[in-house]
Amino acid sequence: ILGLNLGWVYLFMGIVIGSAVIPLWNMMTWKKASGPGAVIAAWSGLVLAVATWLIACTIQSGSITIDNLGKNEAMLSGNLVAILSSGL
């Protein structure tokens, strides 16, 4: 219906849940990690990742469409920011 393929959905999942990777890892391995800190890091990483994804799509393609959002460069940008920003 929306024109999404499985690859698009799979890469989008990285943008949505990738920001929880480092906070969860910290919670499991570091005594000083706090629950509220992990929640704030995960949510802020999600916001930054989605913003980066949309901005990268606009810069690369000129407009935001389903097809443009699925391009490798835009997806890579969003995924990298999701995983890396939540660790800051």
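**Figure 1. From the N terminus on, the elements of the protein run α-α-α-α-α.** That makes five helices and zero strands, where helices (H or I, at least four residues) and strands (E, at least two) are DSSP runs, numbered from the N terminus. You're looking at a predicted model, so local features need pLDDT of at least 70 and side-chain atom pairs count only at pLDDT 80 or more, while totals for chains, interfaces and linings use all residues. Residues are numbered from 1 along each chain as its sequence is written, and side-chain values use heavy atoms, with hydrogens and water left out. The C-alpha trace spans about 45 × 25 × 15 Å along its principal axes. The accessible surface comes to about 5800 Å², and 74% of that belongs to carbon and sulfur atoms; such areas come from the Shrake-Rupley method with a 1.4 Å probe, and for residues only the protein chains shown count as cover. Of the 88 residues in the protein, 28% are buried. Here buried means under 20% relative accessible area, exposed means over 50%, and partly exposed is in between (1.4 Å probe, protein chains only). Now for contacts, meaning heavy atoms within 4.5 Å: among those with a separation of 6 or more, 59% are between residues 24 or more positions apart.

**Figure 2. Here is I15, a residue of helix α1 (residues 6–17).** I15 counts as buried because its relative accessible area is 0%. Who does I15 touch, once its neighbours within four places in sequence are left aside? The list is L46, A49, V50, W53, M75, G78, N79 and A82. For a sense of distance, look at T52: 37 residues separate I15 and T52 along the chain, but their C-alpha atoms are separated by 9.9 Å.

**Figure 3. S19 sits in the loop between α1 and α2.** Being in a loop doesn't leave S19 out in the open: S19 is buried, because its relative accessibility is 2%. Setting aside residues up to four places away in sequence, S19 touches A41, A42, G45, L46, A82 and S86. One of these partners, A41, is 22 residues away along the chain, with 7.5 Å between the two C-alpha atoms. Follow the side chain of S19 and you'll find the backbone oxygen of A42 at 2.8 Å. The side chain of S19 also reaches the backbone nitrogen of L46, at 3.4 Å. Both are polar contacts: pairs of N or O atoms within 3.5 Å where, within protein, one must be able to donate a hydrogen and the other to accept it, and where residues adjacent in sequence count only if both atoms are side-chain atoms.

**Figure 4. A42 belongs to helix α3.** Is A42 buried or exposed? A42 is buried, because its relative accessibility is 18%. Apart from its neighbours within four places in sequence, A42 is in contact with S19, A20 and P23. Now look for E73, which is 31 residues from A42 along the chain: the C-alpha atoms of this pair are separated by 22 Å.

**Figure 5. S85 and S86 are side by side in numbering, but S85 lies in helix α5 (residues 72–85) and S86 in the segment after α5.** S85 is buried because its relative accessible area is 17%, and S86 is buried because its relative accessibility is 5%. A polar atom of the S85 side chain lies 2.6 Å from the backbone oxygen of V81. For the side chain of S86, a polar atom lies 3.0 Å from the backbone oxygen of S19. Leaving out neighbours within four places in sequence, S85 is in contact with G45, L48 and L80. On that same basis, S86 is in contact with S19, I22, P23, A41 and V81.

**Figure 6. The largest pocket holds about 190 Å³ of space.** Pockets are found on a 1 Å grid over the protein atoms alone: a cavity is a set of points where a 1.4 Å probe fits but cannot get out, a pocket is an open set with protein on both sides within 12 Å along at least five of seven lines, and lining residues have an atom within 4 Å of a point. Grid points are joined across faces, edges and corners, and the volume is the space filled by probe spheres set on the points. The lining has 15 residues, and N26, G37, A38, A41 and S86 lie nearest the centre. Helices α2 (21–29) and α3 (35–61) each supply at least two lining residues. Which helix gives the most? That's α3, with five residues. By type, the lining has eight nonpolar, seven polar and no charged residues, counting Ala, Val, Leu, Ile, Met, Phe, Trp, Tyr, Cys and Pro as nonpolar, Asp, Glu, Lys and Arg as charged, and the others, Gly among them, as polar.
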